[in-house]
Amino acid sequence: MSNGIIHSNGNGVPAKSSGPVIPVASRLKDGRALAEDVWSIYNVANLPADCINLGQGYMNFAPPAWVKKAADEALEDVSANHYSHPKGRMRLRKAIKNQYGPLLNRDLDVESEILVTSGANEGMYSVFTAFLNDGDEVIMFEPFFDQYLPSIVFNSGKCVYVPLHPPSESKEGATSNDWTIDLEEVRRAITPRTRMIIVNTPHNPVGKVFTREELEGIAALAKEFNFLVLSDEVYDCLVYDGKEHVRIATFPDMWERTISVYSAGKSFAATGWRVGWLIGPKTLIAPTLAACTRIVFCSNSPLQEAVAGGLEQVKTRHFFETQVKEYEERRDILCAAFDKLGMKYALPQGSYFVLLDISEVVWPDDYNFPKSLDGRGRDFKACWFIAMEVGVSSIPVSEFYCAEHCSIGERFARFAFCKDNETLKKASERLQNLGKYLRKTE
Ligand SMILES: Cc1ncc(COP(=O)(O)O)c(C=O)c1O
């Protein structure tokens with residue numbers, strides 16, 4: 001008997017194919033979700049057991065005790081163990097209003113201008129769901145935070161890449177701000193399908209803190225061509241040497257077209273808590289809330305309470321000021337090791353990564369690299385070699401580029417300094433062993 005729907009070869013036997021029984025959606029491949037990614041190649045399981053992990057960007061220390069205490073208290077509260085409002089818990093939205101209102105020069109409306117999300121990642125995913133139609137284009141600077149690409153592709157968008165320009169190889173004493181943007185290149189990347197630009201400041205992995213002038217240039221283009229700015233500011237509390245963190249949403253006529261993105265994971269050393277938030281005008285937050293509600297419904301409740309408790313206390317405890325000093329110390333320990341080796345890097349002014357120029361690192365021609373590195377950039381081999389021979393892991397930067405621009409990233413390895421001083425000192429000692437593998441310059 002037929003119901004008119006053909007599921008088989010006609011004999012009641014399912015049709016055979018050579019592929020998997022259930023084929024996966026093509027978006028997984030297009031979104032680079034199936035390729036062996038950098039995180040699996042440099043996974044601790046593949047590296048020597050005592051390798052010091054400066055590859056992944058999470059801390060090896062706990063959130064502050066008083067923030068953890070707020071988490072414990074939340075678990076004792078019945079309501080904080082259940083669903084929250086999809087907009088986020090009122091206590092957290094109020095704490096965000098108090099902390100960010102003055103920074104954005106606005107009296108933020110907790111009902112319509114703040115959205116708590118399951119980390120910054122899910123917040124940005126919801127923005128893409130809310131604003132991208134099939135084939136809409138999103139401009140991003142390279143190197144880019146690797147989660148942008150799959151999130152855009154999964155939402156039928158198209159990534160358009162504009163590289164940041166690294167400092168010239170001969171430049172001594174470079175800082176992350178010697179990585180520059182070319183606004184003409186951004187202009188050339190704009191098409192009638194451009195819907196959005198992602199600006200990540202302070203930047204992962206470069207550590208660049210975009211200047212007011214650079215952001216003004218981007219803002220002018222966003223207004224001229226009418227697109228949205230997704231301002232990924234998850235490292236806004238980690239800006240060094242007295243540099244100013246400029247918020248593009250505060251520029252004239254930019255509030256209407258900007259969603260700013262923040263992360264408790266970065267601000268309170270709690271990356272596994274998965275609490276982040278978006279701030280923007282009602283016209284942008286309402287559609288994002290609609291998407292977010294249908295993706296996760298709401299974010300985890302007790303840790304929202306804990307983050308609220310954290311934000312409520314940061315001023316009296318001078319927490320962010322102290323934390324910045326601690327991170328500057330961590331950065332300086334690691335960079336001193338590179339100085340001692342005479343290796344080049346751009347001193348990061350924000351976030352917690354240093355890009356080391358690894359073009360002088362050489363290894364024997366017959367060195368045994370795993371198959372997973374075949375066809376990848378030179379930096380993949382360099383990072384593997386450094387992890388195996390020196391015992392410190394890092395991440396190859398070409399992973400954060402599109403195929404055409406991959407050669408720009410091949411010159412660099414990313415080292416994360418969100419680790420305690422003792423670990424960084426130990427890593428610095430080990431890194432000195434890299435000296436014998438550096439190309440001799442006359
Ligand atoms: C630039 C950037 N944006 C967003 C995120 C994601 O933040 P969250 O952990 O809050 O999802 C990260 C995390 O590494 C990041 O580096």
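**View 1. Helix α4 lies across two strands, β2 and β8.** In this predicted model, the helix covers residues 90-104, and β8 takes in 276-279. Against β2, helix α4 runs at about 125 degrees.

**View 2. Here is the open sheet, built from 7 strands.** Reading across, the order goes β2-β8-β7-β6-β5-β3-β4, and the pairing is mixed. The edges belong to β2 (114-117) and β4 (158-163). Each of these has a single partner strand, so one side of β2 and one side of β4 are left without a neighbour in the sheet. From one strand to the next, the twist averages 25 degrees.

**View 3. Zooming in on the sheet, we get to β6 and β7, which run parallel.** Strand β6 spans residues 228-232 and strand β7 spans residues 258-263, with 4 bridges joining the pair. One spot to pick out is Asp 232, which stands opposite Val 261 in β7. As a general reminder, strands of a sheet pair through backbone hydrogen bonds, either parallel or antiparallel.

**View 4. Now for the two domains and the contact they make.** The domain assignment gives domain 1 as 26-62 + 320-435 and domain 2 as 65-317. Taken over C-alpha atoms, their centres are 25 Å apart. Domain 1 puts 35 residues into the contact, and domain 2 puts in 37. On the domain 1 side, α1 (26-30), α12 (319-341), β9 (353-357) and α14 (406-409) each chip in at least two residues. Helix α12 has the largest share of that side, with 6 residues. By residue type, the domain 1 side breaks down into 20 nonpolar, 8 polar and 7 charged.

**View 5. This one shows the largest nonpolar core, with its 119 residues.** Helix α13 (residues 378-390) gives the most to the core, supplying 8 residues. Domain 1 and domain 2 both give residues to this core, so the core lies between them. If you're after the members that touch the most other members, look for Ile 386 and Ala 413.

**View 6. A last close-up settles on Ala 413 and the residues it touches.** Leaving out anything up to four places away in sequence, Ala 413 touches Leu 356 and Ile 358, then Asp 379, Ala 382, Cys 383 and Ile 386, and also Ser 394, Ile 395, Pro 396 and Val 397. Ile 386 shows up again here as a contact of Ala 413.

Note on methods
Residues numbered from 1 in each chain as written. Predicted model: local features only at pLDDT ≥ 70, side-chain atom pairs only at ≥ 80, totals over all residues. Pairing = 2+ DSSP bridges. Axes fitted to C-alpha atoms, helices over the stretch in contact; angles between N-to-C directions. Contact = placed C-beta atoms within 7 Å. Core = buried A, V, L, I, M, F, W, Y, C linked by C-beta atoms within 7 Å. Buried ≥ 20, exposed ≤ 12 C-beta atoms within 10 Å, placed from the backbone. Domains from an automatic or database assignment. Nonpolar A, V, L, I, M, F, W, Y, C, P; charged D, E, K, R; others polar.
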